[in-house]
Amino acid sequence: MNVEYKIEAGTVLLDRTHQAVMFCRNVLLLSEIPGTLTIKIFKAIGGQDLLGDCTCDGIDAYEMRLWEQSLETIMHEMVHVMQYANYELELYLGDRAYWQGEMVFGFSYDTSPWEIEATRLESILVKNFLTFSA
Ligand SMILES: [Zn+2]
């Protein structure tokens with residue numbers, strides 16, 4: 001997939017963010033997947049819990065929104081891009097989702113398997129990125 005950025009006025013794209021995105025695109029085998037990942041960089045909002053999120057149109061348009069550029073947040077959201085790209089995850093309105101072949105209902109952030117996977121993989125990706133880019 002291609003990667004493009006939209007940067008909110010008053011903020012910047014860090015070089016390291018782009019390197020981290022490209023690293024994940026490579027190791028998560030996303031390079032050859034058709035489509036475009038648009039990454040929107042926003043100014044941090046004080047007191048906001050949401051640091052990033054990721055959506056997909058169900059076809060080939062992926063969108064990541066970042067309110068900060070920590071490696072953990074970038075890697076975490078890239079795992080969600082992979083989950084969408086591999087047709088493992090679809091989120092629907094309300095508390096319905098499709099995950100690895102099954103409908104899931106009534107999940108919470110802490111218990112949903114895609115968040116557990118993203119949280120587990122984010123630290124592995126960060127560690128490997130820091131080793132690789134050292
Ligand atoms: Zn997540």
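Here is a short chat about a predicted model of one protein chain.

Reader: To get my bearings, what pattern does the protein chain follow along the sequence?

Author: Since this is a predicted model, let's start with its elements. The protein chain has 3 helices and 7 strands. Read from start to end, they come in the pattern β-α-β-β-β-α-β-β-β-α.

Reader: What radius of gyration does the protein chain have, and what would a compact globule have?

Author: Along its principal axes, the C-alpha trace spans about 40 × 35 × 25 Å. For 134 residues, a compact globule would come out near 14 Å, and the chain agrees with that. Its own radius of gyration is 15 Å.

Reader: Which element gives the largest share of the largest nonpolar core?

Author: That core has 24 residues, and C24, M64, M75, M78 and V81 have the most contacts inside it. The elements giving two or more residues to it are α1 (15-27), β2 (36-41), β3 (52-56), β4 (61-66), α2 (71-85), β5 (89-91) and α3 (113-133). The largest share is 8 residues, and it comes from α2.

Reader: Is α2 largely enclosed or largely open, and why?

Author: Among the buried residues of α2 are I74, M75, H76 and E77, along with M78 and V79. The cover over its buried residues includes α1, β2, β3, β4, β5 and α3. Because 12 of its 15 residues are buried, α2 counts as largely enclosed.

Reader: Which residues does V81 touch, leaving out those up to four places away in sequence?

Author: V81 is one of the buried residues of α2, and it is also among those with the most contacts inside the core. Setting aside residues up to four places away, its contacts are L30, L37, C54, Y62 and M64.

Reader: How far does α2 reach from its first C-alpha to its last?

Author: α2 has 15 residues, and at 1.5 Å a residue the expected reach is 21 Å. Right after this helix comes Y87, with a positive phi near 55°. From first C-alpha to last, α2 comes close to the expected value, at 21 Å.

Reader: And α1: which elements do its buried residues pack against?

Author: α1 has 13 residues and reaches 19 Å, close to the 18 Å expected. Its buried residues are T17, A20, V21, F23, C24 and R25. They pack against β1 (2-7), β2, α2 and α3.

Reader: Which residue just after α1 takes a positive phi?

Author: Look just past the end of α1, where the phi turns positive, at about 60°. The residue there is L29.

Reader: What are the edge strands of the open sheet?

Author: The sheet has 3 strands in the order β5-β6-β7, with antiparallel pairing. Its twist averages 20° from one strand to the next. An edge strand pairs on one side only, and here those are β5 and β7 (102-105).

Reader: Which residue in β7 is the bridge partner of R96?

Author: Strand β6 (residues 96-99) pairs with β7 in the antiparallel sense over 4 bridges. One facing pair is W99, which stands opposite E102 in β7. For R96, the partner is F105.

Reader: Which residue in the turn between β6 and β7 has a positive phi?

Author: β6 and β7 form a hairpin with 2 residues between them. In that turn, a phi of about 45° belongs to Q100.

Reader: Last one: what percentage of the residues in the protein chain is buried?

Author: In α2, 12 of the 15 residues are buried. Taken over the 134 residues of the chain, the buried part is 25%.

Note on methods: Residues numbered from 1 in each chain as written. Predicted model: local features only at pLDDT ≥ 70, side-chain atom pairs only at ≥ 80, totals over all residues. Rg over C-alpha atoms; globule rule 2.2 N^0.38 Å. Buried ≥ 20, exposed ≤ 12 C-beta atoms within 10 Å, placed from the backbone. Core = buried A, V, L, I, M, F, W, Y, C linked by C-beta atoms within 7 Å. Contact = placed C-beta atoms within 7 Å. Expected span 1.5 Å × (residues − 1). Pairing = 2+ DSSP bridges. Axes fitted to C-alpha atoms, helices over the stretch in contact; angles between N-to-C directions.
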